[in-house]
Every structure is written in structure tokens, then in C-alpha cells.
Amino acid sequence: MQKIIAANWKMYKTRQEARETAAAVAAALSGQPSPHEVIVFAPFTAIADVAAAFAGSQALTGAQDVWPAVEGAFTGEISPRMLQDAGAAWVLTGHSERRHVLDESDELVGRKTAFALEQGLKAMLCIGETLEEREAGRLEAVLQRQLETGLPVGDGPLEGRFAVAYEPVWAIGTGKVAGPGEVLEAHAAVRRLLCGRLGDSGHRIPILYGGSVKPANAGTLIGLDNVDGLLIGGASLDAQSFVQIIRA
Ligand code: PEP
């Protein structure tokens, strides 16, 4: 399975800054193409700029959220069609900052994921436990609940248009990366849960790791069993550091 290296730019970068970073990533990839799929999840205002900078390059553009409706009276929200019109191919759903800072429920994350897929976007569902949940021995139960409510079923095969990002909440933006044992354990659990739900095709759904990935630890993480990619926040804001991770 092709690995995925994805950047989450969160609420950073003006359009000009996004254009410059995306152009630097595209230039690096044109000099030395990557065997991995490369995606940048940009802020809404910069999606069209990033997509334009990536035109003709191997990198794809994604959005960080979506609302599960075609259109309507949803002030402040954005539809799959608007994202596609701006140039997004992918969308993140259930990022831990949306779950824990913006109080998004498992149920809403599930509706967003299913609707995005139904409308032709590719979806990357983010799941992960808090430190409290891990310390209470509830890792697998939390992953199971988030996957069961977040995983769309009955809308055709998911291979090639769906991915899971395992991001322990305690490792996001904290500088605390999960150790290899913790990553192996969690990814094996996600793989088991995916196969339990989807049968054999669960083996072909990419599982990305996210949480304080840096150029220095990316090589080790990407080499672990069941780690099919990396989702990078802070270290993806700088083109050079993101490209170093792509090459790790
Ligand atoms: C993220 O935003 O998904 C993330 C993993 O952030 P960071 O790499 O900064 O921990």
C-alpha cells in the first residue's frame, strides 16, 4: 500500500504564506518525486492557493473540516461541493482539536465522514485517546467507539478513498511522541477493528500516525508495522522540515 505523508496546517498561514510554502514543497517534489502520497490539509481560505501551487505536482490538497449538507442555512460552515470547487480532494474529520476544543461528538464526526465520502471527497478520520483514557486502560475501547461511530458503512468500498489517522491526544502539539511500543499496540488495535468491521479490505485502509512527528523521528515511525503514513502538524508548517519528513 502506498504510504501517505500529510500536513495539517491548522489555523496558520495567510494565503501568501500558504502559496510560498506549497510552491516550495511542489518544487522539491518536482526535483525528486516521492514514492508516498503527499497531502496538505490547508485552512479554508488557502485551499485554492495551495491547489494552484500543486497543479501539475504529485501533491494533493485537503480541507480540515466539512459540514454534512449539500447547502443551506448553516452559517459559518462549508460544504463538500465548496471544498471541491476550491480544489480539495481530501478532508480531515474528527481531528482531536475539533473533538476536544470544539466539542464535536462521535456522532457528528460520523455524519461528516459519511457525507464527505458520499459527495466524492476522500476522508481521513482522526481518532485517539486522551492521557486519562490511556491511563485508565481504555485505549482499545476508545478507539473502537470512535471507529464504530466514525466509520462509514454501506457506501461502497472504502479502499483508495478513506484513511484513519491515529493521533493520541496527549502527543499532539506537545512534543511528546508516542514510543514505538505504544504506536505498534494502537495501530495493531486499529487494524483489528478495521478488519472486524470491513473484512479483508480492512488490511488495505491506510492507518497514519500523528503526534509530534519531526524529521528526526519520522524514519523510525514510518518503518513500524501497520504505520501506513504520518500526519504532521507543527513540523509541516515549514516546507523544508515537511520535505525532510517526506524523504525520511
Ligand atoms: C496534528 O495536528 O494532527 C498533529 C499531529 O500536530 P503535531 O504534529 O503538531 O503534534
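**Cysteines and the packing of helix H1**

The sulfur of Cys126 lies 20 Å from the closest cysteine sulfur, that of Cys195, which is too far for a bond, given that a disulfide requires the two sulfur atoms to be within 2.5 Å. In keeping with this, a search of the whole structure, which is a predicted model, returns zero disulfides. Cys195 likewise takes part in no disulfide, its nearest cysteine sulfur being that of Cys126. Cys126 is buried, with a relative accessible area of 1%, and Cys195 is also buried, with a relative accessible area of 18%, a value that falls under the 20% limit for buried residues.

Helix H1 (residues 15-31) was examined against two other helices. With helix H2 (residues 47-54), H1 packs at an angle of about 25°, the two axes being 8 Å apart; because angles under 35 degrees count as roughly parallel, H1 and H2 are described as roughly parallel to each other. Their crossing is right-handed. On the H1 side the contact is formed by Arg15, Ala18, Arg19, Ala22, Ala23, Val25 and Ala26, and on the H2 side by Asp49, Val50, Ala53 and Phe54. By class, these residues comprise eight nonpolar, no polar and three charged.

The axes of H1 and helix H10 (residues 239-247) come within 9 Å and cross at roughly 35°, and this crossing, too, is right-handed. Here Thr21, Ala24, Val25, Ala28 and Leu29 of H1 meet Ala239, Phe242, Val243, Ile246 and Arg247 of H10, a contact made up of eight nonpolar, one polar and one charged residues. Val25 of H1 thus appears in the contact with H2 and in that with H10.

Note on methods:
Residues are numbered from 1 along each chain as its sequence is written. This is a predicted model: local features need pLDDT of at least 70, side-chain atom pairs count only at pLDDT 80 or more; totals for chains, interfaces and linings use all residues. Side-chain values use heavy atoms; hydrogens and water are left out. Axes are lines fitted to C-alpha atoms, for helices over the stretch in contact, and angles run from 0 to 180 degrees between N-to-C directions. Helices (H or I, at least four residues) and strands (E, at least two) are DSSP runs, numbered from the N terminus. A crossing is left-handed if the near helix is turned anticlockwise from the far one by less than a right angle, and right-handed if clockwise. Contact means heavy atoms within 4.5 Å. Ala, Val, Leu, Ile, Met, Phe, Trp, Tyr, Cys and Pro count as nonpolar, Asp, Glu, Lys and Arg as charged, and the others, Gly among them, as polar. Buried means under 20% relative accessible area, exposed over 50%, partly exposed in between (1.4 Å probe, protein chains only). Angles under 35 degrees count as roughly parallel, over 145 as roughly antiparallel, 65 to 115 as roughly perpendicular and the rest as oblique.
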